[in-house]
There are 2 protein chains.
Amino acid sequence: MKPSKPSKSRVLEFVHEAAGDLHKAGFIDKRRMRQFDALCLQPIAPYSSTRIRALRARHRLSQAVLASVLNTSLSTVRQWEIGQKQPSGPSLKLLSILDKRGLEALL
Amino acid sequence: MKPSKPSKSRVLEFVHEAAGDLHKAGFIDKRRMRQFDALCLQPIAPYSSTRIRALRARHRLSQAVLASVLNTSLSTVRQWEIGQKQPSGPSLKLLSILDKRGLEALL
DNA sequence: AAAAAGTGTAACACTTAGTGTTATAGATAG
DNA sequence: CTATCTATAACACTAAGTGTTACACTTTTT
């Protein structure tokens, strides 16, 4: 199912652009286009412990508050920042939302 | 640390309101207020398998697309909907964002 | 009509994130 | 001086996450 042979993001980029044109031309409705967007989401880059810590510092949040915002436990956030555990997929998604859209997007 | 004795959300509601007043009165700055918001976030209600399925149907997404959006695996979404596994905390958070703010908030 | 692709159920086994707990410690507020 | 907040660290248990396979149904393509 997943190609994953050719670096992917390049290919998807191209395909996505093409789909965008089709949309403008009226061959793909808005809903289909959104689904397309979703499937083409490139996997979120892993957040290192230092990057998580930096992100948290940038927003001036304590580990406890960040845990609340992400709906996870304090213990978990701690271990991310120490490097003992890696954030799961959904956690990475939330981190990237915080990164790109700010705290308000998660409240 | 966590009281968790008296139903909590009631208490937090009250405290939060009080803090809001303090903010208006100028005793708490905006940043502190946001942190307060975050800590007072009431834990997200669990999404049942049928509710997840309904949410997905409402947005007309396939299981595969939903998995992409939440940055998790197809296998995981399947098991949520069959009721074999429960979504983790961060996953619940993402589901509630999709629920309340729509797909765009996750792209 | 037949083949191919998309969608979903089901079962299985493995890995690892998530969690709670406890002890320790520095900083800071009351 | 002592609580409280903040964070590190180690530990063990549970359950979520994942990949895989096989099967079935529907829709699309050739």
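How far from a phosphate oxygen of DNA strand C does a polar side-chain atom of T76(A) lie? The answer is 2.9 Å, and the views below start from that spot. Bear in mind that this is a predicted model.

**View 1. T76(A) and W80(A) at the backbone of DNA strand C.** Here we zoom in on T76(A), whose polar side-chain atom sits 2.9 Å from a phosphate oxygen of the strand. W80(A) does much the same job for the eye: one of its polar side-chain atoms is also 2.9 Å from a phosphate oxygen of DNA strand C. Q86(A) joins in through its backbone instead, with an N or O atom 3.2 Å from a sugar or linking oxygen of DNA strand C.

**View 2. The wider protein surface near DNA strand C.** Step back a little and you can pick out 16 residues around the strand, with T72(A), S73(A), Q79(A), R53(B) and R78(B) the closest. Sort the 16 by class and you get 10 polar, 4 charged and 2 nonpolar residues. Helix 5 (74–82) of chain A gives the largest share, 4 residues. At least two residues each come from that helix and from helix 3 (49–58) and helix 5 (74–82) of chain B. On the DNA side, sugar or phosphate accounts for 61% of the strand C atoms within 4 Å of the protein, and bases make up the rest.

**View 3. Side chains of chain B at DNA strand D.** Look for T72(B) to begin with: an N or O atom in its side chain is 2.5 Å from a phosphate oxygen of DNA strand D. S91(B) also points us to a phosphate oxygen of this strand, with a polar side-chain atom 3.2 Å away. S75(B) takes us to a base, where a nitrogen of DNA strand D is 3.2 Å from an N or O atom of the serine side chain. Two or more residues of the surface near this strand come from each of helix 3 and helix 5 of chain A and helix 5 of chain B.

**View 4. The wider protein surface near DNA strand D.** This strand has 17 residues around it, and the closest are R53(A), Q63(A), R78(A), T72(B) and Q79(B). Helix 5 of chain B supplies the largest share, 4 residues. The class tally reads 11 polar, 4 charged and 2 nonpolar. Of the strand D atoms within 4 Å of the protein, 63% are sugar or phosphate, and the others belong to bases.

**View 5. Helix 3 of chain B crossing helix 5 of chain B.** The two axes come within 6 Å and cross at roughly 120 degrees, which makes the pair oblique. Helix 3 brings S49(B), I52(B), R53(B) and R56(B) to the contact, while helix 5 brings W80(B), E81(B) and I82(B). That works out by class as 3 nonpolar, 3 charged and 1 polar residue.

**View 6. R56(A), a buried arginine.** This residue lies in helix 3 of chain A. R56(A) counts as buried because its relative accessible area is 14%, under the 20% cut-off. Beyond its sequence neighbours within four places, R56(A) is in contact with L61(A), S62(A), Q63(A), L66(A) and E81(A).

**View 7. N71 in both chains, with positive phi.** Most residues other than glycine have a negative phi. N71(A), though not a glycine, has a positive phi of about 55 degrees, and N71(B) likewise comes out at about 55 degrees. N71(A) is in the loop between helix 4 (63–70) and helix 5 of chain A, and N71(B) is in the loop between helix 4 (63–69) and helix 5 of chain B. N71(A) is buried at 19% relative accessibility, and N71(B) is buried at 18%.

Notes. Residues are numbered from 1 along each chain as its sequence is written. Chains are lettered from A and ligands numbered from 1 in the order in which they are written. This is a predicted model: local features need pLDDT of at least 70, side-chain atom pairs count only at pLDDT 80 or more; totals for chains, interfaces and linings use all residues. Side-chain values use heavy atoms; hydrogens and water are left out. A residue is near a molecule or strand if one of its heavy atoms lies within 4 Å of it. A polar contact is a pair of N or O atoms within 3.5 Å; within protein, one must be able to donate a hydrogen and the other to accept it, and residues adjacent in sequence count only if both atoms are side-chain atoms. Ala, Val, Leu, Ile, Met, Phe, Trp, Tyr, Cys and Pro count as nonpolar, Asp, Glu, Lys and Arg as charged, and the others, Gly among them, as polar. Buried means under 20% relative accessible area, exposed over 50%, partly exposed in between (1.4 Å probe, protein chains only). Contact means heavy atoms within 4.5 Å. Axes are lines fitted to C-alpha atoms, for helices over the stretch in contact, and angles run from 0 to 180 degrees between N-to-C directions. Angles under 35 degrees count as roughly parallel, over 145 as roughly antiparallel, 65 to 115 as roughly perpendicular and the rest as oblique.
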